[in-house]
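Biologist: I should like a close look at a single part of this model, namely the packing of its interior. Please treat the aromatic side chains with particular care.

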Amino acid sequence: MSMIAVHGSSTTDSSYVDQVVDEAVRQAEEKGWEAVRLTEVARALELPISLVLTRFRDLDAVANAWFQRGLQAMLAKKPETFEDWPERVRIEHCLLAWFDAFAAHRRVTVQMLRTKAHLPHLHTWVPMAFDLSRTVQWLREAAQLEARYGTRRAQVEEVALTSLFLATLAVWSRDSSDGQHRTRQFVQRRLKGGENCMKWIPGMKHKAASPASASL
């Protein structure tokens with residue numbers, strides 16, 4: 001996964017970028033992610049390969065743009081009552097939004113992650129730790145968690161949410177149930193279990209404990 005800056009781009013750039021990503025994923029559904037070639041993607045879209053290369057240096061860059069959609073889904077406009085929801089429910093909503101964004105192409109998405117994590121690919125798996133950290137930071141922002149960055153509570157939440165994200169990813173990657181029901185149940189159980197079992201955190205006031213830190 002990749003945590004790249006979330007910002008807008010020109011309409012023209014966004015249009016062909018989305019086309020390239022969609023076509024690459026379409027081809028991956030047919031022959032697997034590692035078999036996709038940018039030259040073939042450009043040919044299918046009738047785009048100059050030079051134009052494609054101005055935005056995508058390689059197939060991994062296409063994967064980064066794909067995972068950008070998960071961040072956009074997490075940060076999408078929330079219901080008007082979102083701030084009044086329990087913290088646990090806010091976390092659940094935002095976390096599942098990331099996974100829902102890729103539900104239609106789960107197999108290809110998992111292939112992308114496996115390619116990034118392939119040991120010989122030093123240029124992709126080394127940055128994954130930083131990408132994961134940034135994704136968790138965006139998750140905290142999207143769920144509107146109160147603790148300020150750098151505080152003890154925020155640090156505990158980051159560790160707990162990282163664990164939750166990775167555990168959910170492991171379940172989701174094998175989840176073929178309707179509406180990703182197994183994944184949703186897993187997230188709900190994990191958050192509820194943490195909320196019930198962890199009543200305090202050493203060095204912090206009882207009321208400061210959160211479902212996120214409890215899931216640790």
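Modeller: The account below begins with the basis of the model and then moves from the core to its aromatic residues, the helices and two loops.

The model is predicted, so that local features are reported only at pLDDT of at least 70 and side-chain atom pairs only at pLDDT 80 or more, whereas totals for chains, interfaces and linings use all residues. Residues are numbered from 1 along each chain as its sequence is written, and side-chain values rest on heavy atoms, with hydrogens and water left out.

The protein has 10 helices and zero strands. Helices (H or I, at least four residues) and strands (E, at least two) are DSSP runs, numbered from the N terminus. Of the 216 residues of the protein, 44% count as buried; buried means under 20% relative accessible area, exposed over 50%, and partly exposed in between, with a 1.4 Å probe and protein chains only.

The largest nonpolar core has 50 residues, and Val21, Trp33, Phe56, Val62, Phe67 and Met112 touch the most other members. Such a core is a set of buried Ala, Val, Leu, Ile, Met, Phe, Trp, Tyr and Cys residues joined through side-chain atoms within 4.5 Å. At least two residues of this core come from each of α1 (11–31), α2 (38–45), α4 (59–74), α5 (87–100), α6 (106–117), α7 (122–142), α8 (152–172) and α9 (181–197). The largest share, nine residues, is supplied by α4. In soluble globular proteins, nonpolar side chains tend to be buried together.

Phe67 leads from this core to the aromatic residues. The structure holds nine aromatic pairs. Rings of Phe, Tyr and Trp (its six-membered ring) pair if their centres lie within 6.5 Å; planes under 30 degrees apart count as stacked, over 60 as edge-to-face and the rest as tilted. Phe67 and Trp98 are a stacked pair, with 6.1 Å from centre to centre and 5° between the planes. This pair links distant parts of the chain, since Phe67 lies in helix α4 and Trp98 in helix α5, 31 residues apart. Trp98 also pairs with Phe102, here edge-to-face, at 4.8 Å centre to centre and 75° between the planes. Phe67 is buried; Trp98 counts as buried because its relative accessibility is 1%, and Phe102 does so because its relative accessibility is 0%. These residues belong to one aromatic cluster, formed by Trp66, Phe67, Trp98, Phe99, Phe102, Phe165 and Trp172.

The helices that carry the stacked pair can be described next. α4 and α5 pack at an angle of about 150°, with their axes 8 Å apart. Axes are lines fitted to C-alpha atoms, for helices over the stretch in contact, and angles run from 0 to 180 degrees between N-to-C directions. α4 and α5 are therefore roughly antiparallel to each other; angles under 35 degrees count as roughly parallel, over 145 as roughly antiparallel, 65 to 115 as roughly perpendicular and the rest as oblique. The crossing of α4 past α5 is right-handed. A crossing is left-handed if the near helix is turned anticlockwise from the far one by less than a right angle, and right-handed if clockwise. Ala97 is also part of helix α5, and Ala97 counts as buried because its relative accessibility is 16%. The C-alpha atoms of Ala97 and Gly70 are separated by 7.3 Å, although the two residues are 27 apart along the chain.

Further helix pairs follow. α4 packs with α6 at an angle of about 130°, their axes being 11 Å apart, which means that α4 is oblique to α6. In this case α4 makes a left-handed crossing. For α5 and α8 the angle is about 45° and the axes are 12 Å apart, so α5 and α8 are likewise oblique to each other; their crossing is right-handed. Helix α8 also holds Glu157, which counts as buried because its relative accessibility is 0%.

Two loop residues complete the picture. Glu46, in the loop between α2 and α3 (49–55), has a positive phi near 60° in a residue other than glycine, and Glu46 counts as exposed because its relative accessibility is 74%. Gln144, in the loop between α7 and α8, has a positive phi of about 55° although it is not a glycine. With a relative accessible area of 33%, Gln144 is partly exposed.
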